[in-house]
Amino acid sequence: MSPDPLAAAAHLVGARIQRVDRVDDRTLSLEVRLPGRTVHAVFGMQGSPSLELHGQRPGRTVNGGDLQRYLRKRLVGQAWCGLRIDGPAWVLECTDFDVRLAARSNWVQVQPHEPSRVPPSPAPLPADFTFDDPSSGAFDRAQQLRRQLRRRLAAETKRLDRLWKKVDADRRRLEAAADAELQGERLKSVLHQVRRGQSEVEVVDWSTQAPVRVPLDPTLSPVENLERYFARAKKARRGLPVVASRLREVERERDRVRALLDELDRAPESVSEAELRGRYGPWLSSASKTSAEPSSREKARSSPPWARWARRFEASDQSEIWVGKNAKSNDRLTSSARGSDLWLHARGVTGAHVVIPQRAGHRASPEAVVDAAHLAIHFSEARNESKAEVMVAEARHVKKTKGAPPGQVGVSQAKTRLVAIEADRLRRLLGHTGPHAVRGAR
């Protein structure tokens, strides 16, 4: 950075902004035109604000996205009227706007200024003007990638922490449900005394000889209440090993990501871009977006209509499987599907709608249908069963009934398949990490 960035920036007063680029998550480049010269003003907000003036445009490590489009729409064509420091922020004064850049979450703010300022005529740069060193932070791709990677790893650590808490809550819930067998045994000992309509029954605990109360569903018969307790205990016993295994997997992945983050923090500042790519390959390739990548708008045009509000999974034959997230998402997914697409749903229970897109000459393979059936069961109330029935139909035979609640449809022609859950298959499906996939979904 120049010894006095404000003094250097004073030479830009009157220049016209002709381009805005988002260099990385916390760096912004403004291309301004002076008589006979183009200057690139690079504002950095990596902890403390910085300003560098360069004669060439810095390379970008992220896709500009909505922020870049927003700033270009408002700032291109504006005149640079002044620059000042307001506490921990830069404030760029333009003809019609004030642009505030600060080290916080909403780090760029554009505020209209009325009336419009009248900038002075720009002057050429003085003959002794020197630009900042091109090897500085704005052009150091290794440091840019390092910052991107650190944010990516930190975000993944937080995501895994949240996931661990959810899985641990499931474990505690199943452990509590496992106690239902004890309640069932207590109820069994006095079953002959229970009558339909009772909300509880008092039983003497044979181990402590103390009276305990067993809650009952008054709408069920005594035998149905007994069967309900034993069924709940059976499901809990079956689900506990699965949840415990999933908890261990999340812990291992979280420890791995934390180790990578610690290793990155200990790495010397001189680490090269090639070394970063060699060590953290997949993380860097997903964390650093280049300007050559398609924009979010181009991706949206090439994606199916439900890509924003449905989960995407990948079958063993690489075909796509889409799963609704909630009742409204189910409606959108089913109504947007083509008539030839395959539609699946767990039979007789509440659950997600599942769609396999089918195009002319590309029919879903039997393996893809089995994969989709596993997802239909997993994202339904039958997820803890060892086997369940799944309806399979073409989307043209699935219609929304007028006035029906969200997610409820009528199916005129469907085949029913009994599917036995394969743990390895389900683990493979849920572990897929495609562009719209769910990692560690449950």
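Start by selecting strand 11 and strand 12 (residues 320-324): the two pair in the antiparallel sense over five bridges. Keep in mind as you go that this is a predicted model. For one rung of that ladder, show Glu-314 and look across to strand 12, where its bridge partner is Glu-320.

**Widen the view to the sheet**

Now add the neighbouring strands. Six of them form an open sheet, in the order 11-12-14-13-15-18, with antiparallel pairing. Which strands stand at the edges? They are strand 11 (310-314) and strand 18 (415-420); each has a single partner strand, so one side of each is left without a neighbour in the sheet. Turn the view to follow the twist: neighbouring strands of this sheet are turned by 30° against each other on average, direction ignored.

Next, select helix 8 (residues 327-336), which packs on the sheet. Helix 8 touches strand 11, strand 12, strand 13 (342-346) and strand 14 (354-356). Compare directions here too: that of helix 8 makes about 140° with that of strand 12.

**A crossing of two helices**

Move on to helix 9 (residues 366-378) and helix 10 (residues 423-430), whose axes come within 10 Å and cross at roughly 85°. Angles of 65 to 115 degrees count as roughly perpendicular, so helix 9 is roughly perpendicular to helix 10. To see the contact, show Glu-367, Val-370, Asp-371, His-374, Leu-375 and His-378 on helix 9. On the helix 10 side, show Arg-425, Leu-426, Arg-428, Leu-429 and Leu-430. Colour this contact by residue character and you get five nonpolar, two polar and four charged residues.

**Into the cores**

For the largest nonpolar core, select Phe-43, Trp-80 and Leu-101, the residues with the most contacts inside this set of 31 residues. Strand 2 (residues 27-34) gives the most to this core, with four residues. Then centre on Trp-80 and leave aside its neighbours within four places in sequence. What is Trp-80 in contact with? You should find Ala-9, Leu-12, Val-13, Gly-14, Ala-15, Val-32, Ala-41, Phe-43, Leu-92 and Glu-93. Apart from this core lies another, of 25 residues, among them Ile-321, Ile-356, Ile-377 and Val-390.

**Last stop: Glu-175**

Finish in helix 3 (residues 141-178), where Glu-175 is found. Is Glu-175 buried or partly exposed? Partly exposed, because its relative accessibility is 37%, between the limits of 20% and 50%. Now show Arg-237 as well: Glu-175 and Arg-237 are 62 residues apart in sequence and 8.3 Å apart in space, C-alpha to C-alpha.

Note on methods:
Residues are numbered from 1 along each chain as its sequence is written. This is a predicted model: local features need pLDDT of at least 70, side-chain atom pairs count only at pLDDT 80 or more; totals for chains, interfaces and linings use all residues. Side-chain values use heavy atoms; hydrogens and water are left out. A nonpolar core is a set of buried Ala, Val, Leu, Ile, Met, Phe, Trp, Tyr and Cys residues joined through side-chain atoms within 4.5 Å. Buried means under 20% relative accessible area, exposed over 50%, partly exposed in between (1.4 Å probe, protein chains only). Contact means heavy atoms within 4.5 Å. Axes are lines fitted to C-alpha atoms, for helices over the stretch in contact, and angles run from 0 to 180 degrees between N-to-C directions. Angles under 35 degrees count as roughly parallel, over 145 as roughly antiparallel, 65 to 115 as roughly perpendicular and the rest as oblique. Ala, Val, Leu, Ile, Met, Phe, Trp, Tyr, Cys and Pro count as nonpolar, Asp, Glu, Lys and Arg as charged, and the others, Gly among them, as polar. Two strands pair if DSSP finds at least two bridges between them.
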